[in-house]
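Got the viewer open? Here is a walk through the model, one selection at a time.

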Amino acid sequence: MASIAEPVQVQAPPAARAQPLRDFQIVPLAGLPIVAVVIVGMIVAIATNSLWALDFYHIVGGGLWTGIDLFLGLVLGPIMGSMSIPARVEFSTRLMPKMLLIMPTLVTMTLGAGFQLARSLGNLSANSPQHSWLVASYIVVGVMATIAIGLLEPANIAVLFELRKPQPNGARIERLMKVFIYTAGITGLMQVATLVIMTHIAAG
Amino acid sequence: MEAHQAQAQLVPGDRELPPVQQISIAVLALIVIGGIYTASHLPRHVPQGPTIALLIAAVLLLAANGVLLSRIEQFNWRVFRQVAGWVLLAYAVIAGMLEYVFIYDHTRGTQLLILTLMLAVFAVNIPLLLGFSVARFQAPDASS
């Protein structure tokens, strides 16, 4: 199995042939130790049932996930839409590999710690007054996960592989980036529903 | 006429392929619904009929997807295996962590078996989806 993390030479699309060749990794290897530390920390938090650690992982992960989704979909998306194709390619080459590590890590942090936190606080119980709000949050997260894994992530990885080609297809990159930005925006807006639900649960 | 319209919406260089991505999303949705149904009942006993039905439907769709995928001619299987292999590794870790949480939370018996099978379908479906999503845009390799 060849490595998808190996550095590759990328040539810009026809419209940007004046741009220099760049090296980039589809999976930034330097970020993997950070991801490993975060994941091991979460496993320790779950194994020790530390309320503070679970709270920390859930709130930090959820806050960053929501913030990045909203920022990508509502701020960066329209900005990228107004950029020239070479500029978009240049920007995507730097942004997308980082997103490939950041987003799955934040989602794992938020959901793993969140479920265990709800269990520790007794909110999972059907008798809990928060139970219906929790089920609502499962549904919102379930829809978001389906959109993210089914549409957003494939577009992200396909763009990276397209960028590795000697002559990337600009129209294809543009279409895939639209899918990425729009789905990030949709999940970002759905995150607002999560914020309403979670603040309601926290307020008791 | 419809095929002509669909072709017109494609980016130059793309070609029409079986709906592997759509079926994978359907499999994912079935697993997610099963997960939500189960989580909404925990920690009480979970009625198993609906989760078993969802699991069977997901397995059948996954199998159909595998057949559709294997019948594609002129496909870049090298890139498919490269992406799917690494994604399988990543999702095996994620599925393993979820399995750890289930066991840690004292899930046992048939319930654990159903959840494990749902995780297995999940862990196979996502590599198939991502491998296809990348390989479809690559030039066919020599072996296809």
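Is Gly185(A) buried, partly exposed or exposed, and how many other C-beta atoms lie within 10 Å? Select Gly185(A) and check: this is a predicted model, and in it the glycine is partly exposed, with 19 other C-beta atoms within 10 Å. The cut-off for buried is 20 or more, so a count of 19 stays in the partly exposed class.

While you're there, colour helix 5 of chain A, which is where Gly185(A) sits. Skip the neighbours within four places in sequence, and the contacts of Gly185(A) are Gly73(A), Leu74(A) and Gly77(A). For a sense of scale, draw a distance from Gly185(A) to Phe91(A): C-alpha to C-alpha, the two are 18 Å apart in space and 94 residues apart in sequence.

**Chain A as a whole**

Zoom out and show chain A as a cartoon. You should find 5 helices and 2 strands, and following the chain from the N terminus gives the order β-β-α-α-α-α-α. Of the 204 residues in chain A, 36% are buried. Take the contacts between residues at least 6 apart in sequence, and 77% of them join residues at least 24 apart.

Next, select Asn49(A). This residue is in the loop between helix 1 (32-48) and helix 2 (51-81) of chain A. Look at the backbone: phi is positive, about 55°, although Asn49(A) is not a glycine. Most residues other than glycine have a negative phi. As for its surroundings, Asn49(A) is partly exposed, with 13 other C-beta atoms within 10 Å.

**Over to chain B**

Now bring up chain B. Its secondary structure comes to 5 helices and 0 strands, so to speak a plain α-α-α-α-α from the N terminus on. Chain B has 144 residues, and 36% of them count as buried. Of its contacts with a separation of 6 or more, 85% are between residues 24 or more positions apart.

Colour by pLDDT before going further. The mean for chain B is 84, and 88% of its residues reach 70 or more. Helix 1 (residues 2-8) of chain B has the lowest confidence, at a mean of 45, while helix 3 of chain B has the highest, at 94. Residues 1-8 of chain B have a pLDDT below 50, and beyond near neighbours in sequence this stretch has 2 contacts in the model.

Stay with helix 3 of chain B (residues 48-70) and add helix 5 of chain B (residues 109-135): their axes come within 10 Å and cross at roughly 30°. That angle makes the two helices of chain B roughly parallel. Helix 3 of chain B passes helix 5 of chain B in a left-handed crossing. Show side chains along the contact, including Leu55(B), Val59(B) and Leu62(B) from helix 3 of chain B and Leu117(B), Val121(B) and Leu128(B) from helix 5 of chain B. By class, this contact has 13 nonpolar, 5 polar and no charged residues.

One more stop in this chain: Gln74(B), in the loop between helix 3 and helix 4 (77-104) of chain B. Gln74(B) has a positive phi of about 55° although it is not a glycine. Is Gln74(B) buried or exposed? Gln74(B) counts as exposed, with 9 C-beta neighbours inside 10 Å.

**Where the chains meet**

Show both chains together. The model scores ipTM 0.80 and pTM 0.78. Across the interface, 28 residues of chain A are in contact with 33 residues of chain B. On the chain A side, the elements giving two or more residues are helix 3 (85-121), helix 4 (131-164) and helix 5 (170-203). Which of them gives the most? Helix 4 of chain A does, with 14 residues. The side of chain A that touches chain B has 16 nonpolar, 7 polar and 5 charged residues.

For the last view, keep helix 4 of chain A and helix 5 of chain B. Their axes come within 8 Å and cross at roughly 40°, and the two helices are therefore oblique to each other. The crossing is right-handed. Among the residues that meet here are Ile149(A), Gly150(A), Glu153(A) and Phe161(A) in helix 4 of chain A, and Ile126(B), Leu130(B) and Ser133(B) in helix 5 of chain B. The contact of these two helices divides into 9 nonpolar, 2 polar and 1 charged.

Methods: Residues are numbered from 1 along each chain as its sequence is written. Chains are lettered from A and ligands numbered from 1 in the order in which they are written. This is a predicted model: local features need pLDDT of at least 70, side-chain atom pairs count only at pLDDT 80 or more; totals for chains, interfaces and linings use all residues. Two residues are in contact if their C-beta atoms, placed from the backbone, lie within 7 Å. Helices (H or I, at least four residues) and strands (E, at least two) are DSSP runs, numbered from the N terminus. Ala, Val, Leu, Ile, Met, Phe, Trp, Tyr, Cys and Pro count as nonpolar, Asp, Glu, Lys and Arg as charged, and the others, Gly among them, as polar. A residue is buried if 20 or more other C-beta atoms lie within 10 Å of its own, exposed if 12 or fewer, and partly exposed in between; C-beta atoms are placed from the backbone. Axes are lines fitted to C-alpha atoms, for helices over the stretch in contact, and angles run from 0 to 180 degrees between N-to-C directions. Angles under 35 degrees count as roughly parallel, over 145 as roughly antiparallel, 65 to 115 as roughly perpendicular and the rest as oblique. A crossing is left-handed if the near helix is turned anticlockwise from the far one by less than a right angle, and right-handed if clockwise. pLDDT is the predictor's confidence in each residue, from 0 to 100.
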